[in-house]
Amino acid sequence: MPVKIGIPRSLLYYKYFPLWKTFFEGLGAEVEVSGPTTKAVVQEGVKLCVDEACLPVKVAFGHVASLKEKVDYIFIPRLVSVSPREYICPKFLGFPDMVRNSVHGLPGIIDTNINLYRREGDLYGQFLEAASPICRNPLKVAAALRSAVGELKRFNGRVESGMLPENAFRVQEEKFPFQAENRGTVALVGHPYNIYDNYINMNLIGRLDEARVRVVTADNVPEPVVNMYAGTLSKRLFWTLGRRMVGAAYHFLDNPRIDGIIHVASFACGPDSMTGDLIERRARRAGNKPFLNLTLDEHTGEAGVVTRIEAFLDMIDMKMGVDAGVGDWGLELGVGTQNTELRTQNSELRI
Ligand code: SF4
């Protein structure tokens, strides 16, 4: 019987699932992913995790707990750095230890260090270690890693071409559902586990889709574009996810095809408090697009979120009306007047 590896549908699952799945299957293992986040998953995570942690970490605890009786091993890599000369949030580094100390009755944990800070060449050694409970044949591991990296590149290519990750996972799908353009295009900016987990964000993408709004995210923006915009900061951001969010948000503010921006943040997230502020200040300065800041935790009420999204969409409608008549307005009032009006609306929404 093949070894069964559990992968929690949380945290960086939304960025690296194709790599992890292809790698373990290439070694002959069977991969089981935890189900979508539900109220029960969140409640279990909140029960097991320390109060001070952010919601995505609590949710990840719930996913680990949901897998523990179904698999031989759970893959919880100790993520230190996923890009040269950059780090990611320290919560990823401590997550395997937090889980080990708080969740009882766990199967084996594969908690390989992933640290690409110095050079990408270390990846092989790190995956050799991850493979050790299943296979110790270095050639087989190298072949599995090669095909996993190829799969990740193809996945990233599909996402950069405009797909959202859940759709890009399904390679065969010719069409993906978030295509409606009649009511404008909204950019969602936030950590992948906040914007793609429908339970955490109260089905934000689904709601926008129902409202006939096309959604794009930071993952749809190619790396060179992200780097170009992130490079306009006076100091280099050394958090990989934060750099991507800020670079993509600045690009969206500049891009006339984007009609509004929603920034999704986690309450109690240190990195979000800084990157969110950088994005909001730039949006305020630009003053040309509706901007909504949603901060979420396990106590956030759905009604409040829905009301704010509706108000934001009204602003999109108004902006598009303004844009459609820009020639007349430009002559009569000047573009600055329109901007001032939009800024006032933004401030109201943020309160
Ligand atoms: S970056 Fe923020 S939301 Fe993500 S794990 Fe760290 S503290 Fe939590």
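This section describes salt bridges in a predicted model. Side chains of opposite charge can pair when their charged atoms come close. In total, 21 salt bridges are found in the structure.

One of these joins the side chains of glutamate 166 and arginine 9, with an N to O distance of 3.6 Å. The two partners come from distant parts of the chain, 157 residues apart. Glutamate 166 belongs to helix α7 (residues 165-169), whereas arginine 9 is located in the loop between β1 (4-7) and α1 (13-26). The relative accessible area of glutamate 166 is 27%, and this residue is therefore partly exposed. Arginine 9, in contrast, has a relative accessibility of 17% and is classed as buried, because the cut-off for burial is under 20%.

A salt bridge within a single helix is formed by arginine 100 and aspartate 97 in α4 (residues 90-102), where a spacing of 3 residues separates them by about one helical turn. The closest N and O atoms of this pair are 3.9 Å apart. Arginine 100 is partly exposed at 38% relative accessibility, and aspartate 97 is likewise partly exposed, at 33%.

Arginine 244 and glutamate 223 form a further salt bridge, in which the closest N and O atoms are 2.3 Å apart. Arginine 244 lies in helix α11 (residues 240-254) and glutamate 223 in helix α10 (residues 223-230), so the contact ties together parts that are 21 residues apart in sequence. Arginine 244 is buried, with a relative accessible area of 10%, whereas glutamate 223 is partly exposed at 28%. Through shared partners, salt bridges connect Glu86, Glu223, Arg236, Arg243 and Arg244 in one network.

Notes: Residues are numbered from 1 along each chain as its sequence is written. This is a predicted model: local features need pLDDT of at least 70, side-chain atom pairs count only at pLDDT 80 or more; totals for chains, interfaces and linings use all residues. Side-chain values use heavy atoms; hydrogens and water are left out. A salt bridge is a side-chain nitrogen of Lys or Arg within 4 Å of a carboxyl oxygen of Asp or Glu. Helices (H or I, at least four residues) and strands (E, at least two) are DSSP runs, numbered from the N terminus. Buried means under 20% relative accessible area, exposed over 50%, partly exposed in between (1.4 Å probe, protein chains only).
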